[in-house]
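Trainee: Please pick one part of this model and walk me through it slowly. I'd like to know what it packs against and which residues do the touching.

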Amino acid sequence: MRKLTEAETADAQIEADIDFHRILAEATANPIYLFLMDALAELLRESRRRTIGSGGVRPALAGHQAVLKAVH
């Protein structure tokens, strides 16, 4: 999450958000999940462009915090 909070541009925030989800996918050790993440990467980037572009990074940070709390 530090990468997301320290990101200074929308593109950096988008990549940090995608990295967070990729790390979660890797933690599942589920190759199908990783395959889907890779296959949908550009669609996910476009989705983040819209959500981060309109609502900022705060909703993503709140979501990431909730996910981390749930998996800890």
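Mentor: Let's begin with the words for how two helices lie: under 35 degrees counts as roughly parallel, over 145 as roughly antiparallel, 65 to 115 as roughly perpendicular, and the rest as oblique. This is a predicted model, where local features need pLDDT of at least 70 and side-chain atom pairs need 80 or more, while totals for chains, interfaces and linings use all residues. Residues are numbered from 1 along each chain as its sequence is written, and side-chain values use heavy atoms, leaving out hydrogens and water.

Our part is helix α2, which runs over residues 10–28. To place it, picture a chain with five helices and zero strands (DSSP runs, numbered from the N terminus: H or I of at least four residues for helices, E of at least two for strands). In sequence order the pattern reads α-α-α-α-α. The C-alpha trace spans about 30 × 30 × 15 Å along its principal axes.

Now the packing. Two packed helices are described by the angle between their axes and the distance between those axes. Take α4 as our starting partner: this helix covers residues 41–55, and α2 packs with it at an angle of about 125 degrees, the axes being 10 Å apart (lines fitted to C-alpha atoms, over the stretch in contact, with angles from 0 to 180 degrees between N-to-C directions). That angle is why α2 and α4 are oblique to each other. From α2 come Asp11, Gln13, Ile14, Glu15, Asp17, Ile18 and His21, and they meet Ala41, Leu44, Arg45, Arg48, Arg49 and Ile52 of α4 (contact means heavy atoms within 4.5 Å). Sorted by class, that makes five nonpolar, two polar and six charged residues (nonpolar: Ala, Val, Leu, Ile, Met, Phe, Trp, Tyr, Cys and Pro; charged: Asp, Glu, Lys and Arg; polar: the others, Gly among them).

The next partner is helix α5, residues 58–71, which packs with α2 at about 15 degrees, with the axes 11 Å apart. So α2 and α5 are roughly parallel to each other. Here Asp17, Phe20, His21 and Leu24 of α2 touch Ala60, His64, Val67 and Leu68 of α5. This contact has five nonpolar residues, two polar and one charged. Did you spot Asp17 and His21 on the α2 side again? They touch α5, and they also appear in the contact with α4.

Let's zoom in on Gln13, which sits in α2. It is buried, with a relative accessible area of 15% (buried is under 20%, exposed over 50%, partly exposed in between, with a 1.4 Å probe and protein chains only). Leaving aside residues up to four places away in sequence, Gln13 touches Leu4, Ala7, Ile52 and Val57. Across the chain, buried residues make up 25% of the 72.

Finally, look just past the end of α2, at Ala29 in the loop leading to α3 (31–39). Ala29 is exposed, with a relative accessible area of 63%. Most residues other than glycine have a negative phi. Ala29, though not a glycine, has a positive phi of about 55 degrees. Its C-alpha lies 31 Å from that of Gly53, 24 residues away along the chain.
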